Amino acid sequence: MDKNPINSNEFRKFRLLDKIPVASNVNLYRFQLNGADQTLNLPIGAHIRVRANLNGEDTERSYSPIAYGVHGHFDLYIKHYPQNPSPLCFSNYLNTLIPGKDSLEMKGPYSLFPYQPNQYKKIGMLAGGSGITPMWQILNFVRQNIQNDSTEFFIIYANKTEEDIMLKKELDALAQTYPKQIHIFYTLEHIPVNNTSYGQGYITKEVIQQHMNISAEECKNNECIILVLHNKSKAYTEF
Ligand SMILES: Cc1cc2nc3c(=O)[nH]c(=O)nc-3n(C[C@H](O)[C@H](O)[C@H](O)COP(=O)(O)OP(=O)(O)OC[C@H]3O[C@@H](n4cnc5c(N)ncnc54)[C@H](O)[C@@H]3O)c2cc1C
């Protein structure tokens with residue numbers, strides 16, 4: 001048995017310790033590691049695959065653990081969709097799991113964008129809904145290592161309503177603490193009355209031009225990269 005708790009060749013079971021609501025239809029799921037000293041030990045920007053038998057079918061989905069270097073457990077932020085009636089809706093199944101009793105099969109890690117500090121001058125992030133979790137994983141790592149990382153981030157994050165915004169408190173705190181390095185713009189389908197801070201509607205070319213100080217030239221020269229992930233993506237897109 002290798003010393004990493006998770007392995008990409010085989011599914012292993014992890015016990016659910018806790019389930020905490022953190023936003024509208026979003027839970028933090030805390031899973032147990034084998035010892036109080038153990039960490040999940042994933043590369044930055046990696047995700048895992050989670051499997052369950054739903055309605056007689058082995059069903060898998062990708063999720064992004066959200067913190068690094070935590071001992072004894074790891075956390076997933078997962079949005080569920082109560083209005084989705086499909087028995088194969090994985091996140092609705094997760095919402096039925098009982099902390100302290102149920103376990104879940106997982107394997108990994110898988111890296112779509114292995115983040116390296118200072119590899120790019122600027123990184124743009126376009127995220128929708130739960131697509132913020134892989135982005136937050138990178139940002140959370142940057143926060144812990146900011147003295148050695150001068151990458152500038154432009155994040156545009158789209159949601160249906162204000163209540164749907166995942167990790168808002170954490171994202172706002174990051175942007176307020178490092179205003180020269182971390183820039184965040186939220187856009188909503190339904191803006192609150194007396195709104196002063198959110199954009200309205202989808203992420204358009206105009207929104208990107210206005211809130212992402214990254215030129216085509218900089219991307220061509222490999223100085224910058226733009227990552228895209230929304231809740232219907234199968235993987236990161238880069239452009
Ligand atoms: C690299 C990567 C990392 C990811 N990390 C995370 C993460 O950390 N957290 C997270 O939450 N997700 C994450 N995802 C997304 C995750 O993998 C799943 O796609 C997500 O949980 C949805 O799967 P599901 O089976 O629950 O829902 P699905 O069955 O795929 O459907 C979800 C969709 O249901 C729609 N819907 C479908 N039918 C109906 C209906 N009849 N009525 C109304 N609405 C309907 C909803 O609008 C929504 O778009 C990640 C994806 C990738 C690729």
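Colleague: Is Asn118 buried or exposed?
Modeller: This is a predicted model, and the class rests on counting neighbours. Asn118 has 9 other C-beta atoms within 10 Å, and a residue with 12 or fewer counts as exposed. Asn118 is therefore exposed.

Colleague: In which loop does Asn118 lie?
Modeller: The backbone of Asn118 has a positive phi, near 65°, in a residue other than glycine. Its place in the chain is the loop between S6 and strand S7 (122–128).

Colleague: Which class does Asn25 fall into, with 18 C-beta neighbours inside 10 Å?
Modeller: Asn25 also has a positive phi without being a glycine, at about 60°. The residue is found in the loop between strand S1 (12–23) and strand S2 (26–32). A count of 20 or more would make a residue buried and 12 or fewer would make it exposed. With 18 such neighbours, Asn25 therefore counts as partly exposed.

Colleague: Which residue does a cis peptide bond join to Gly108?
Modeller: The omega angle of this bond is about 5°. The partner lies in strand S6, residues 103–111. The cis peptide bond joins Gly108 to Pro109.

Colleague: How many helices and strands are there in the protein chain, and why is the chain as compact as a globular protein of that length?
Modeller: The radius of gyration is 18 Å, close to the 18 Å that the globule rule gives for 239 residues, so the chain is as compact as a globular protein of that length. The C-alpha trace spans about 50 × 40 × 30 Å along its principal axes. As for secondary structure, the protein chain has five helices and 12 strands.

Colleague: What percentage of the contacts in the protein chain with a separation of 6 or more comes from residues 24 or more positions apart?
Modeller: Of the 239 residues, 29% count as buried. Among contacts with a separation of 6 or more, the share from residues 24 or more positions apart is 72%.

Colleague: What distance separates the centres of domain 1 and domain 2?
Modeller: The chain is divided into domain 1 (12–110) and domain 2 (122–238). In the contact between them, 13 residues of domain 1 meet 15 residues of domain 2. The domain 1 side comprises eight nonpolar, four polar and one charged residue. Taken over C-alpha atoms, the centres are separated by 24 Å.

Colleague: Where does the ligand lie with respect to domain 1 and domain 2?
Modeller: The ligand is surrounded by 26 residues, the closest being Ser62, Phe90, Ser91, Ser130 and Thr133. The elements that give two or more residues to this shell are S4, S5, helix H1 (90–94) and helix H2 (132–144). Because domain 1 (12–110) and domain 2 (122–238) both give residues to the shell, the ligand lies between them.

Colleague: Which element gives the most to the shell around the ligand?
Modeller: By class, the shell has 11 nonpolar, 11 polar and four charged residues. With four residues, the element that gives the most is S5.

Colleague: Is Ile66 buried or exposed?
Modeller: Ile66 lies in the loop between strand S4 (57–63) and strand S5 (73–79). Beyond its neighbours within four places in sequence, Ile66 is in contact with Asp75, Tyr77, Thr133, Trp136, Gln137 and Asn140. Ile66 has 21 other C-beta atoms within 10 Å, so this residue is buried.

Colleague: Which strand gives the largest share of the largest nonpolar core?
Modeller: This core holds 48 residues, of which Met125, Ala127, Met135 and Ile155 touch the most other members. Domain 1 and domain 2 both give residues to this core, so it lies between them. The largest share, six residues, comes from strand S8.

Colleague: Which residues are in contact with Ile155, leaving aside its neighbours within four places in sequence?
Modeller: Ile155 is one of the core members that touch the most others. Beyond the excluded neighbours, its contacts are Met125, Ala127, Met135, His183 and Ile184.

Colleague: Is Ile203 buried or exposed?
Modeller: Ile203 has its place in the loop between strand S10 (199–200) and helix H4 (205–211). Leaving aside neighbours within four places in sequence, Ile203 is in contact with Leu126, Ile156, Ala158, Thr187 and Ile208. A residue counts as buried at 20 or more other C-beta atoms within 10 Å. Ile203 has 20, and is therefore buried.

Definitions and conventions. Residues are numbered from 1 along each chain as its sequence is written. This is a predicted model: local features need pLDDT of at least 70, side-chain atom pairs count only at pLDDT 80 or more; totals for chains, interfaces and linings use all residues. The radius of gyration is taken over C-alpha atoms; the globule rule is 2.2 Å times the number of residues to the power 0.38. Two residues are in contact if their C-beta atoms, placed from the backbone, lie within 7 Å. A residue is near a molecule or strand if its C-beta atom, placed from the backbone, lies within 6 Å of it. Ala, Val, Leu, Ile, Met, Phe, Trp, Tyr, Cys and Pro count as nonpolar, Asp, Glu, Lys and Arg as charged, and the others, Gly among them, as polar. Domain bounds come from an automatic or database domain assignment. A nonpolar core is a set of buried Ala, Val, Leu, Ile, Met, Phe, Trp, Tyr and Cys residues joined through C-beta atoms within 7 Å.
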